[in-house]
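Welcome, and please open the model in your viewer. Keep the selection box handy, and we will go from stop to stop together.

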Amino acid sequence: MTTEDDIKEPDDILAAEYVLGVLPHAERVAFAARLSSEASLRARVQFWEGHFAELEDEFAPVSPPSRVFSGIEAEIFASGARSSAPTSGWWGSVGFWRGLSAISLVALVILAGLYSGIIAGPGGSGPIVAPVFVAELSGESDEVELVTLYDARSGILKVSRVKGAPAAGRSFELWLIEGGNDPVSLGLVPTGDRGEVTVPEALRDKFSEAIIAISDEPEGGSPTGKATGPVLAAGKAIEI
Amino acid sequence: MTANDISLLISRVALGNREAFTDLYSATSSKLFAVCLRILNNRAEAEDALQEIYVKIWRDASKYAPSDFSPMSWLIAIARNHSIDKIRASKPAAVDIDEMTDLSDEAADPEKEAIASSDRRGIDRCLNELPDTRAAAIRGAYLEGYSYQELAEQQNIPLNTIRTWLRRGLLKLKECLER
């Protein structure tokens, strides 16, 4: 049996590696995805960030050129109408989109309930529920957001796009990251707001505790079988 | 400008105060630009990154929670994370890195521990307790944004053991910081 201490130590060191920035990209994204839901992990990150920042004197200040601030102002205050609060205007509001994606998640949970159903077992020995996993994929940039619903019984992964689309000539590719393993491709994100992906047979029982991520790839998917472009969004598969 | 002033500015930025944002930028941008330059090692990319970082600070100011640590640590973390995401995404690790194995203790260096226990504080004191090469690797990762691959080359340590090697250092560092 694992005690809390057993679990805390590697996470603590993982947090240090994350703060230092030495983690390989896929692990970094997977760790960042956990941060949104694990307060104790955020506290560990803050511990390391706080202590390492004591080295800040070693970053000798360099004044940036004035065009940087002009660029920032142009981006933040672009439409005069939105010059006050960062959250004013529902269209530009991160909160609005977060809310929307929360609504989608709720909708999907309801859908999942209907979809997986509760099937009475033979001889009425109680309900058998096929595992269903929901993952909400988001990234640092807030530009891409997806919700996925996986039904282990059918091997179908439903993908619902909340925000973001690949650029012309590019595709979004879905990845499954199980523990510290390399990401394995689940296929391309279907075009359109909603679609389905048939999960390869070998991956069908790997969703528990896994991270689902999407990366930006050349049209048709990564030519190498590994993610070649930046990971845009990631989230943990939660069994419902 | 004191840590308290900066904390206050961030809180006002969270309320959408444009003037506070301008003041925060004046007070902190040269430090964050230095961070971007160190890690990205390219002026044009550092300028782009700095712009993106302050847009993020404007949008995320409401997530700032004052803590025992300096508010600069929150700003620097945003700058470092953004810069490191950029380099890691553009240069994915080519080779697998070792998983954590045994982190058991190595023989301590009594002389170093004696020096370290003098009057130095915090991170400097604790880094000083580590073997020199490991302290240098941790500093290099923090200040220059080195990856495991780069650290392995610099320290002349096989890539498949560098992670365990560095993690031992981080574990000792943690023990010291928590003392």
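## First stop: a buried isoleucine

Select A:Ile212: this residue is buried, with 28 other C-beta atoms within 10 Å. Before going on, keep in mind that you are looking at a predicted model. A:Ile212 belongs to strand 9 of chain A, which covers residues 211–218.

Which residues are in contact with A:Ile212, leaving aside its neighbours within four places in sequence? Add A:Ala135, A:Leu137, A:Thr148, A:Leu174, A:Leu176, A:Ala234, A:Gly235 and A:Ala237 to your selection to see them. Now draw a distance from the C-alpha atom of A:Ile212 to that of A:Leu137: the separation is 7.2 Å, although their positions lie 75 residues apart along the chain.

## Zoom out to chain A

Show chain A as a cartoon and you can trace five helices and 11 strands. Of its 240 residues, 36% are buried. Take the contacts in chain A between residues at least 6 apart in sequence: 60% of these join residues at least 24 apart.

## A strand in the open

Next, select residues 194–198 of chain A, which form strand 8. Is this strand largely buried or in the open? None of its five residues is buried, so strand 8 of chain A lies largely in the open.

Add strand 5 of chain A, residues 156–163, and you will find that the two strands run antiparallel, joined by five bridges. To see one place where they face each other, show A:Leu157, which stands opposite A:Val197 of strand 8.

From strand 8, move along to the loop that leads to strand 9 of chain A and pick A:Glu209 there. Its phi is positive, about 70°, although A:Glu209 is not a glycine. This residue has 12 C-beta neighbours inside 10 Å, so A:Glu209 counts as exposed.

## Two helices, one in each chain

Stay in chain A for helix 3, residues 39–52. Its 14 residues reach 20 Å from the first C-alpha to the last, close to the expected 20 Å. Colour the buried ones: A:Arg44, A:Val45, A:Phe47, A:Trp48, A:Glu49, A:Gly50, A:His51 and A:Phe52.

Now go over to chain B and select its helix 3, residues 43–60. This helix has 18 residues and spans 25 Å between its first and last C-alpha, close to the 26 Å expected. Its buried residues include B:Leu50, B:Ile53, B:Tyr54, B:Ile57 and B:Trp58. What do the buried residues of helix 3 of chain B pack against? Show helix 1 (3–14), helix 2 (18–40) and helix 4 (71–90) of chain B, and then helix 4 (66–76) of chain A, to see these partners.

## Where the chains touch

Display both chains and highlight the contact: 43 residues come from chain A and 51 residues from chain B. On the chain B side, helix 2, helix 3, helix 4, helix 6 (122–128), helix 7 (132–144) and helix 9 (159–177) each give two or more residues. Helix 2 of chain B supplies the largest share of that side, 10 residues. Colour the chain B side by residue type and you get 30 nonpolar, 10 polar and 11 charged residues.

## Last stop: an asparagine in a loop

Finish at B:Asn156, in the loop between helix 8 (148–155) and helix 9 of chain B. Here too phi is positive in a residue other than glycine, with a value near 60°. Since B:Asn156 has 7 C-beta neighbours inside 10 Å, this residue counts as exposed.

Definitions and conventions. Residues are numbered from 1 along each chain as its sequence is written. Chains are lettered from A and ligands numbered from 1 in the order in which they are written. This is a predicted model: local features need pLDDT of at least 70, side-chain atom pairs count only at pLDDT 80 or more; totals for chains, interfaces and linings use all residues. Helices (H or I, at least four residues) and strands (E, at least two) are DSSP runs, numbered from the N terminus. A residue is buried if 20 or more other C-beta atoms lie within 10 Å of its own, exposed if 12 or fewer, and partly exposed in between; C-beta atoms are placed from the backbone. Two residues are in contact if their C-beta atoms, placed from the backbone, lie within 7 Å. Two strands pair if DSSP finds at least two bridges between them. The expected span of a helix is 1.5 Å times one less than its number of residues. Ala, Val, Leu, Ile, Met, Phe, Trp, Tyr, Cys and Pro count as nonpolar, Asp, Glu, Lys and Arg as charged, and the others, Gly among them, as polar.
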